[in-house]
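Q: Hey, could you walk me through this structure? I'm new to this, so plain words please.

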Amino acid sequence: MPLVSTPPEDELKRLYTLLTTVRQLDLAAVRWQRQGVIPGYAPMLGQEAAQVGSGCAVDPSRDFVFPTYREMGVAKALGVDMVEYMSTHKATWHGGLYNPAQTHLAPIQAVVAGSVLHAVGWAQGQVIKHADTNPGPDGFNIALTYFGDGASSQGDVHEAMNFAAIMKSPVIFFVQNNGWAISVPTDRQVAGGSVAARAAGYGMPAEQVDGNDVVAVLEATRRAVAHARAGNGPMLIEAMTYRLGPHSTSDDPGRYRTLAEEQSAQNADPLQRCERVLRERFGVTDHFFQAALADAEAEAEQVRAGVVALGPRPGHEMFEFVFQEMTPALAAQAASWREESEHA
Amino acid sequence: MLDATTLNPAQERGATVELSMQAALNLALAETLDEDPKALIFGEDVGRLGGVFRVTDGLQERFGATRVFDTPLAESGILGMSVGLAMAGFHPIPEVQFDGFAYPAVNQIICQIGRMNYRSRGTLPMPITLRVPSFGGIRAPEHHGESLEAMFAHVPGLKVVSPSDPQQAYHLLKYAAQRPDPVIFMEPKSRYWQKAQVNLHDGGTPEGARVARPGRHLTLIAWGAMVSRCLQVAELAEEDGIDVEVLDLRWLKPIDAEGLAASVAKTRRAVVVHEGPRTSGLGAEVAALVTEECFNTLKAPVERVTGFDVPYPSGDLEDEYLPGIDRILFGIQRVLEHRRG
Ligand SMILES: Cc1ncc(C[n+]2csc(CCOP(=O)(O)OP(=O)(O)O)c2C)c(N)n1
Ligand SMILES: [Mg+2]
């Protein structure tokens, strides 16, 4: 299948390079887990186009992105430091060590659907700050929130969509429908045919896109961004893709799906699709692809070295970040922790 | 999956079988489904997958997808539906996948499950056993290492229990699933895979606390995964001539005040150990009960060795947070060295 439309060669090459980078990083992270470098990881194999395409459609200098636990490709597209991102999987710090206030990527969220309402609040905050329902020539800053087909079952997602639609908040609900929520397939999860179909009930536009087509995802997300920036309220995108890997490094998909099914999904590999267009449409040759792969492998190696070098955070940080204003009881606990660990 | 027919035929009354806690729980659930046609098991990934910890492994295959089923991913939905199923005469045994994911369901658990019997003047009992893989110690992502006992014990209308080993797990789960009241069943996930001998026919009394190790000099009070750690501590203390009694509290609501008093009346010193944060943790309730029951015999204030008032940390800091052997030994030292002023 060709990509939905063809952007200029340079842009497509840039997208391909990003796809390759996150693919190699993702494969590498699974290896690190096997090697004992990190205790666990949630692979995004197969979802590169959905993540890179959507992540490239927003402007992290003004917009804000709310990930789940699987959006490594989005983080990379936004320019987040990958060692700081991966630190969550090293069990260094739950939310990751990157600075969310600076990067405009919210902390990694382990609660399914946990961030979706936050995105609505942030987006509505942009409207309130603007002090004018007319967004003006620059438009509103927008929020982009990610969640899965499984997460769409949570009540909070309904609340978020209804709030946003009522208030016309500039937020994009980006669903990666990867076919599975751990062992539960989408047809046992999503009633009514699709998540996109629900948008009509909120009076909100929605697009279902081929999530393995990086250009289709990029363009659909850009349309949604334009829609929200212009003050037209929220929009939903459902990127249809496939979780090619296990749910996480401790999952065994053999218990709930067949190899044949996994193999047929591989035909839609987003990297191969992009590569084909580059070759057929622009005559791009092996040299480019080999170089992209070599660079990606080198970068993954670099990130690995950074992850390996990450030491544990000092224990006093447990106490330091609970509040902005420390309480006496907590300070006393920190003191007794320090004393006991020195004497142990 | 294990079932009674696959057990060694030599498995007779009094004989024991070696099981992990995961297998013991699985067996208890299978027998419950077998013996109670109204029992239902549901939750996220409990059917085809058999649960992320495999506690429901094989149950859907054996009992069918009507009685053992996967729900959509929504904890409030799972617990809210349990209320209606209980009203329809069923005995729901829902699972929330991890402790931290009970939070999205607390509205249904607290406002509905805990109150329906009362609201209905006893006409709508809630025989619901909510299984919650609980506590920390497995270097898991955020929200996979919470200790919810104090929160649930505080709620009128809920009972709370936590097994510490496979024997307790098997018998307590079977007992909980037969109760006419809601029971929060907290499974110590770090202990799922440790094996021990289980006597399937004789579990002793399923109510109250249990002396896991008798001793004379002080009582260590714990539950869930901390019981085995306290047993380890007791062995280390023994090398220094300190004879530690370990009381496995088991029921965190209702707490066995008599059992507590009996132990501490004998040892005259108590240290309570739990993973959850210290402030308003269950250790405070235990300390109050011990003080009420044993004030005149106590030789030292009840000592608490607990988690800190901080969110459960990432794996790298887990050992700094959890009550470790050293911290428990320090607690023991403090109660032994206490002198009344
Ligand atoms: C509130 C909550 N419940 C349960 C879980 C355990 N859990 C983690 S991921 C997951 C499946 C999520 O599926 P989906 O939303 O489709 O996202 P995907 O994993 O496919 O990216 C579950 C059940 C959780 N993290 N949060
Ligand atoms: Mg999914």
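**Around the metal**

A: Sure, let's start with Trp180(A), which counts as buried at 6% relative accessibility. Keep in mind that this is a predicted model.

Q: Which protein donors does the magnesium ion (ligand 2) have?
A: They are Asp149(A) through OD, Asn178(A) through OD1 and Trp180(A) through O, lying 2.1 to 2.2 Å from the ion.

Q: And how are those donor residues spaced in sequence?
A: The pattern is D-x28-N-x1-W.

Q: Is Asn178(A) buried or exposed?
A: Asn178(A) is buried, with a relative accessible area of 5%.

Q: OK, switching topic. How many residues does each of chain A and chain B put into the contact?
A: Chain B puts in 36 residues and chain A puts in 39 residues. The area buried between the two chains is about 3,200 Å², and carbon and sulfur atoms give 57% of that.

Q: Which three residues supply more than any other three to the area that chain B buries against chain A?
A: Arg48(B), Leu73(B) and Leu317(B), with 19% of the area that chain B buries there.

Q: What about salt bridges across that interface, how many are there?
A: The rule finds three salt bridges between chain B and chain A. One of them pairs Arg334(B) with Glu340(A), and their closest N and O atoms are 2.9 Å apart. There are also 15 residue pairs in polar contact between the chains, counting pairs with both residues at pLDDT 80 or more.

Q: Which element gives the most to the side of chain B that touches chain A?
A: Helix 12 of chain B, with four residues. By residue type, that side of chain B divides into 16 nonpolar, five polar and 15 charged.

Q: Got another salt bridge that joins the two chains?
A: Yes, the side chains of Arg255(A) and Asp57(B) meet in one, at 2.8 Å from N to O. Arg255(A) lies in the loop between strand 7 and helix 9 (259–266) of chain A, and Asp57(B) lies in the loop between strand 2 (39–43) and helix 2 (59–63) of chain B, so the pair joins two chains. Arg255(A) is partly exposed at 29% relative accessibility, and Asp57(B) is partly exposed at 22%.

Q: Why can side chains pair up like that?
A: Side chains of opposite charge can pair when their charged atoms come close.

Q: How many salt bridges does the structure hold over all chains?
A: It holds 32 over all chains. Among them, Asp210(A) and Arg273(A) meet at 2.8 Å, N to O. Asp210(A) is in strand 6 (residues 206–210) and Arg273(A) is in helix 10 (residues 270–282), both of chain A, so this pair ties together parts that are 63 residues apart in sequence.

Q: Is Arg273(A) buried or exposed?
A: Arg273(A) counts as buried, at 3% relative accessibility. Its partner Asp210(A) is partly exposed, at 25%.

Q: Does Asp210(A) touch anything else you'd point out, or what touches it?
A: Met240(A) touches Asp210(A), and Met240(A) also touches residues including Asn177(A), Gln208(A) and Gly211(A). Met240(A) sits in strand 7 (residues 235–240) of chain A. The C-alpha atoms of Met240(A) and Gly211(A) are separated by 4.6 Å, and the two are 29 residues apart along the chain.

Q: Back to Arg334(B). Which side chain of chain B makes a polar contact with the side chain of Arg334(B)?
A: That's Glu303(B), at 2.8 Å. Glu303(B) is in strand 14 (residues 303–307) of chain B, and Glu303(B) counts as buried at 16% relative accessibility.

Q: Last topic: any odd backbone spots?
A: A few. A cis peptide bond joins Lys253(B) and Pro254(B), with omega of about 0°. Pro254(B) is in the loop between strand 12 (251–253) and helix 9 (257–267) of chain B. Lys168(A) has a positive phi of about 55°, although it is not a glycine. Arg268(B) has a positive phi too, of about 70°, and is not a glycine.

Q: Why point those out?
A: Most residues other than glycine have a negative phi, and most peptide bonds are trans.

Q: Where's Lys168(A)?
A: Lys168(A) is in the loop between helix 7 (155–167) and strand 3 (171–177) of chain A, and Lys168(A) is partly exposed at 48% relative accessibility.

Definitions and conventions:
Residues are numbered from 1 along each chain as its sequence is written. Chains are lettered from A and ligands numbered from 1 in the order in which they are written. Side-chain values use heavy atoms; hydrogens and water are left out. Contact means heavy atoms within 4.5 Å. Buried area is the accessible area (1.4 Å probe) that two parts lose on being put together, summed over both. A salt bridge is a side-chain nitrogen of Lys or Arg within 4 Å of a carboxyl oxygen of Asp or Glu. A polar contact is a pair of N or O atoms within 3.5 Å; within protein, one must be able to donate a hydrogen and the other to accept it, and residues adjacent in sequence count only if both atoms are side-chain atoms. Ala, Val, Leu, Ile, Met, Phe, Trp, Tyr, Cys and Pro count as nonpolar, Asp, Glu, Lys and Arg as charged, and the others, Gly among them, as polar. Donors are N, O and S atoms within 2.8 Å of the metal (3.2 Å for Na, K and Ca); water is not among the atoms, so sites may look incomplete. Buried means under 20% relative accessible area, exposed over 50%, partly exposed in between (1.4 Å probe, protein chains only). Lists of a residue's contacts leave out its neighbours within four places in sequence.
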